Amino acid sequence: MADRFDLRRDIQLNTQIISAHYHEEDNRWIIQTNEDRTISAKYFITGVGCLSTANIPKFKGLDRFRGEWYHTGNWPKEEVNLKRKRVGVIGTGSTGIQVIPAIAPEVDHLTVFQRTPQYSVPSGNHPYDPEYLKQVKDNFESFKQKRRYSFGGFPNDVEARSSALDDTPEEREKLYESAWQKGGASSFFLETYQDLTINPESNETVSEFIRNKIRGIVHDPEVAEKLCPTYYYGTKRSIQDTGYYETFNRKNVSLADVKTNPIVEITPEGIRTTDGEYELDIIIFATGYDAMTGSLFKIDIRGKDRISLQEKWENGEQTKTYLGIATSGFPNMFMITGPESPSVLSNVPTSIEQHVEWISDCIKYLREKDIDIFEAKREAEDEWSKHCREVAETTLFTNTDSWYTGANIPGKPRRFLIYLGGVGPYREKCSEVASQGYEGFSLQSTLKKT
Ligand code: NA7
């Protein structure tokens with residue numbers, strides 16, 4: 001791709017951005033790299049990802065551990081030898097659930113340290129049917145269009161039914177079973193019922209369906225019960241797996257319930273919980289990320305009056321953006337999949353594409369109109385942020401502790417930072433703002449026309 005689109009000349013690899021400061025005097029962003037290189041830029045666009053800052057919980061004693069330890073998000077390039085090792089995995093989110101069945105056959109013994117059990121559905125991975133592929137390629141434009149205006153950013157063919165409570169228990173069971181057989185978290189989530197994350201009673205029908213699947217798969221009833229989640233299905237990241245629950249039927253795999261018996265410390269030999277010590281050669285942290293804001297805060301970003309983004313968002317009035325693309329006080333700065341956009345609760349490539357196109361069109365417009373200062377208005381940002389919160393509060397998402405709410409990082413302000421109104425309506429709103437001369441933004445020109 002880089003060669004095809006001649007992108008290499010614009011890419012500098014192995015470079016970390018340390019700071020980006022807006023200089024009001026000359027309306028430039030001064031960006032500092034880890035190699036002490038300074039770049040002066042008119043626009044500053046972040047594409048740092050919503051899930052790229054690893055969360056390694058501050059367990060006492062990690063520095064004394066005699067074995068090896070890794071975080072899944074910083075996996076070494078060199079091969080990690082797990083053969084004949086006693087391995088502990090902390091965390092059972094999307095990552096843990098993929099890692100656990102993959103490494104279980106290799107290791108001597110695997111201990112899974114689970115704090116919150118998760119709902120997971122079969123991924124249903126399979127080679128694409130050539131007929132389907134041909135159909136997609138022949139109709140690529142309409143396929144893309146469907147994706148762009150759908151709720152989740154996926155080209156789903158099946159429309160979800162309105163409410164789980166409109167169907168009889170038998171009808172529901174049949175629909176859930178066919179979604180289970182088809183596989184894929186997104187089809188399970190988006191092609192069954194629309195009110196699963198709105199109505200607690202509807203949610204209970206799908207939650208219990210998955211719990212019964214777990215009870216049917218896992219042979220030891222005590223282990224099966226420990227694996228059964230109780231939170232509202234779908235309000236933590238919807239997960240899919242290949243043989244996750246089945247892994248607990250292996251003789252070399254055991255489950256440590258660290259909700260009941262929390263981890264006390266890491267010892268030189270392994271992990272100590274309140275019910276004893278587990279001796280380990282390797283600890284794998286599948287403990288997730290400081291989502292949405294973590295990677296932005298790793299860069300010292302400062303806007304007008306040298307106020308940092310972290311100061312504005314954490315010490316000030318909490319995280320607020322306009323459309324998840326810009327934030328007041330930070331002129332000429334754009335965020336790709338920023339907080340309060342559909343970002344991680346959508347098909348992310350669809351959302352990235354939309355932001356990149358919107359930002360590119362915007363910069364083109366600013367150039368054409370000789371506008372050199374572009375900034376979100378505070379009122380527009382207040383209104384958008386309020387709207388995001390109101391939409392989130394109509395759902396069950398805000399009831400659950402998850403990285404969506406920031407609850408996974410001790411001390412992080414709890415706030416739901418994802419727009420839940422749907423990818424299609426969000427796209428329409430962004431296009432409307434642009435078509436009305438970037439309504440809600442202040443556009444100033446200090447340039448003299450020649
Ligand atoms: P997640 O989904 O944040 O999962 C992290 C897991 O680690 C989860 O089971 C956590 O339990 C557990 N965790 C985190 N801190 C601790 C401590 N201190 N003690 C015990 N267990 C802990 O991260 P993933 O990498 O799996 O997935 C992130 C996203 O990447 C995913 O959603 C996809 O969008 C792609 P908890 O549930 O908080 O009790």
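This report walks through a predicted model of one protein, from its overall build down to a few single residues.

## The big picture

Let's start with the whole thing. The protein is built from 13 helices and 18 strands. Lay its C-alpha trace along the principal axes and it spans about 80 × 55 × 45 Å. How does its radius of gyration fit a compact globule of 450 residues? For a chain of that length, a compact globule would come out near 22 Å, and the protein has 24 Å, so the two agree.

What about the inside? Of the 450 residues, 38% count as buried. Now take the contacts with a separation of 6 or more: 69% of them are between residues 24 or more positions apart.

## Two hairpins near the start

Follow the chain from its beginning and you meet strand β1 (residues 17-23) and strand β2 (residues 28-33), which pair antiparallel over 6 bridges. One pair to look for is H21 and its bridge partner in β2, I30. The two strands make a hairpin with 4 residues between them, and N27 in the turn has a positive phi of about 55 degrees.

Then β2 pairs again. Strand β3 (residues 38-41) is joined to β2 by 4 bridges, and these two run antiparallel. I30 turns up here as well, with S40 as its bridge partner in β3. The hairpin of β2 and β3 has 4 residues between the strands, and D36 takes a positive phi near 65 degrees there.

## β7 and its two partners

Next, find strand β7 (residues 109-114). Is β7 mostly covered or mostly open? Mostly covered: 5 of its 6 residues are buried. To get from β6 to β7 the chain passes through helix α1 (residues 94-103), and this β-α-β crossover is right-handed.

Which strands pair with β7? One is β6 (residues 86-90), which runs parallel to β7 and is joined to it by 5 bridges. In that pairing, G88 stands opposite T111. Another is strand β10 (residues 253-257), also parallel to β7 and also paired over 5 bridges. There, V112 in β7 has L255 in β10 as its bridge partner.

## Around the ligand

Now for the ligand. It is surrounded by 21 residues, and the closest are G91, G93, T95, R237 and G288. Which element gives the largest share of this shell? That would be α1, with 3 residues. You have met α1 already, as the helix in the crossover from β6 to β7.

By type, the shell divides into 9 nonpolar residues, 10 polar ones and 2 charged ones.

## Two residues that are partly exposed

E106 sits in the loop between α1 and β7. It has 14 other C-beta atoms within 10 Å, so it is partly exposed. Skip the residues up to four places away in sequence, and E106 touches L82 and K83. P268 is another story: it is 162 residues from E106 along the chain, and the two C-alpha atoms are separated by 24 Å.

G424 belongs to helix α13 (residues 423-435). Because there are 18 C-beta neighbours inside 10 Å, G424 counts as partly exposed. Which residues is G424 in contact with, leaving aside its neighbours within four places in sequence? They are Y149, S150 and F151. G153 is worth a look too: although G153 and G424 are 271 residues apart along the chain, their C-alpha atoms are separated by 7.5 Å.

## Some unusual backbone angles

Most residues other than glycine have a negative phi. With that in mind, look at N14, which is not a glycine but has a positive phi near 50 degrees. N14 lies in the segment before β1. Is N14 buried or exposed? It is exposed, because there are just 6 other C-beta atoms within 10 Å.

D370 is another one: it is not a glycine either, and its phi is positive, about 55 degrees. Look for D370 in the loop between α11 (348-368) and β17 (373-376). With 12 C-beta neighbours inside 10 Å, D370 counts as exposed.

Technical notes
Residues are numbered from 1 along each chain as its sequence is written. This is a predicted model: local features need pLDDT of at least 70, side-chain atom pairs count only at pLDDT 80 or more; totals for chains, interfaces and linings use all residues. A residue is buried if 20 or more other C-beta atoms lie within 10 Å of its own, exposed if 12 or fewer, and partly exposed in between; C-beta atoms are placed from the backbone. Two strands pair if DSSP finds at least two bridges between them. A crossover is right-handed if, with the strands pointing away from the viewer, the path from the first strand over the helix to the second runs clockwise. The radius of gyration is taken over C-alpha atoms; the globule rule is 2.2 Å times the number of residues to the power 0.38. Two residues are in contact if their C-beta atoms, placed from the backbone, lie within 7 Å. A residue is near a molecule or strand if its C-beta atom, placed from the backbone, lies within 6 Å of it. Ala, Val, Leu, Ile, Met, Phe, Trp, Tyr, Cys and Pro count as nonpolar, Asp, Glu, Lys and Arg as charged, and the others, Gly among them, as polar.
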